[in-house]
Amino acid sequence: MAVRHLAVSAHAVRRLWPADRTAVLDYFLRLDPETRANRFMGHVSEAGVRAYAAQALNAEGVMYGAFVAGTLRGLGELRPMGPGASSYVLGPRAEAAFAVERTFRRQGIGAALFARIARAARHRGVVDLHVRCLSGNGPMLRLAAKHGAELQHAGSETEGALHLDRPTPFSLWHESIAEAFDFTLAVSFPSRERASA
Ligand SMILES: CC(C)(COP(=O)(O)OP(=O)(O)OC[C@H]1O[C@@H](n2cnc3c(N)ncnc32)[C@H](O)[C@@H]1OP(=O)(O)O)[C@@H](O)C(=O)NCCC(=O)NCCS
């Protein structure tokens, strides 16, 4: 009898919660200098990275992580661009930012995070999703363009804008189930990282 193999995804994307704080810090500290510079659009010291990581899960917006064998290897952030954001609604404009650890690139993680962030944004009232990066950042520009973002160059920076469809009752229901599942996963199977010194 033929043996059937189940296709197992190499990475799993889920929302990040306060329980993931250590994993988030370790992830940011592992990013090499060039990746950090691309992610933050400029040089950021280790102290700056620590400070950023420490507040990231408490700041307005939501974060999603891509886990490979239980370790956080890619991270996408969705932040409101105006006032009035709450736990459920971010307002009409929001900004997304991404980074994937260098050795885990070109495996679809960036694309999976982008799609998940766009879906989360759509279900939090976002109409225009923006992504900013350095103008020479070919991978990010291609990733944004691939997802339908309109790119506008302004000197050393480029901004991509993606117009999102309004949610439907079914998509809202689907998103709420996905969030509940994510939360259960985060609590039941906490990420493996240990606290960094
Ligand atoms: C941009 C980034 C997140 C992409 O992550 P990734 O996991 O490698 O992306 P994927 O494997 O999902 O690729 C998705 C698409 O992105 C584009 N892309 C990614 N890497 C690319 C590269 N080196 N060259 C050209 N296109 C690239 C392609 O369009 C690709 O689709 P394809 O595989 O069908 O060609 C990653 O390069 C990264 O972390 N860069 C540093 C941080 C950064 O620049 N952030 C942007 C500021 S917010």
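## Strand pairing around β2

Two strands are said to pair if DSSP finds at least two bridges between them. In this predicted model, strand β1 (residues 12-15) meets that condition with β2, to which it is joined by four bridges in the antiparallel sense. One position within this pairing is given by A12, whose bridge partner in β2 is F67.

Strand β2 (residues 62-68) also pairs with strand β3 (residues 71-80), again antiparallel, and here there are seven bridges; A66 of β2 has G74 of β3 as its bridge partner. The two strands form a hairpin with two residues between them, and in that turn A69 has a positive phi of about 50°. Strand β2 is mostly covered, since six of its seven residues are buried.

## Overall architecture

The protein has six helices and seven strands, and from the N terminus on these elements follow the order β-α-α-α-β-β-β-α-β-α-β-β-α. The C-alpha trace spans about 60 × 45 × 40 Å along its principal axes. For 197 residues a compact globule would have a radius of gyration near 16 Å, and the 17 Å computed for the protein therefore agrees with that expectation.

Buried residues make up 31% of the 197 residues. Among contacts with a separation of 6 or more, 68% are between residues that lie 24 or more positions apart.

## Strand β7 and its two partners

Strand β7 (residues 157-163) pairs with two other strands. With strand β5 (residues 128-134) the pairing is antiparallel and extends over seven bridges, L134 having E157 of β7 as its bridge partner. Strand β6 (residues 150-154) also runs antiparallel to β7, joined to it by five bridges, and there Q152 has E159 of β7 as its partner. The hairpin of β6 and β7 has two residues between the strands, and G155 takes a positive phi near 65° in it.

In a regular strand the side chains alternate between the two faces of the sheet. In β7 the covered face holds T158, G160 and L162, while E157, E159, A161 and H163 belong to the uncovered one. The bridge partners named above for L134 and Q152, E157 and E159, are both listed on that uncovered face.

## Helix α4

Helix α4 has 14 residues, which at 1.5 Å a residue should span 20 Å; its end C-alpha atoms are 20 Å apart, so the two values agree. Ten of the 14 residues are buried, and the helix is therefore largely enclosed by the rest of the structure. The buried residues are I109, G110, L113, F114, R116, I117, A118, A120, A121 and R122, a list that includes the charged residues R116 and R122.

## The shell around the ligand

The ligand is surrounded by 22 residues, of which N38, R105, G110, A111 and P139 are the closest. Elements that give two or more residues to this shell are α2 (33-40), β4 (93-100), α4 (109-122) and α5 (138-146). The most is given by α5, with six residues. By class, the shell consists of ten nonpolar, seven polar and five charged residues. G110 thus has two roles in this description, as one of the closest residues to the ligand and as one of the buried residues of α4.

## Loop residues with particular features

The loop between β4 and α4 includes E101 and R106. E101 has 19 C-beta neighbours inside 10 Å and so counts as partly exposed, given that a residue is buried at 20 or more. Apart from its neighbours within four places in sequence, E101 is in contact with R30, L31, R73 and G74; of these, G74 is the β3 residue that partners A66. E101 and G155 are 54 residues apart in sequence, and their C-alpha atoms are 27 Å apart in space.

R106 has a phi near 60°, a positive value in a residue other than glycine, and counts as exposed because it has 8 C-beta neighbours inside 10 Å. A positive phi, of about 55°, also occurs at M41, which is not a glycine. M41 is found in the loop between α2 and α3 (46-56), and its 14 C-beta neighbours inside 10 Å are why it counts as partly exposed.

Definitions and conventions: Residues numbered from 1 in each chain as written. Predicted model: local features only at pLDDT ≥ 70, side-chain atom pairs only at ≥ 80, totals over all residues. Near = placed C-beta within 6 Å. Buried ≥ 20, exposed ≤ 12 C-beta atoms within 10 Å, placed from the backbone. Rg over C-alpha atoms; globule rule 2.2 N^0.38 Å. Contact = placed C-beta atoms within 7 Å. Expected span 1.5 Å × (residues − 1).
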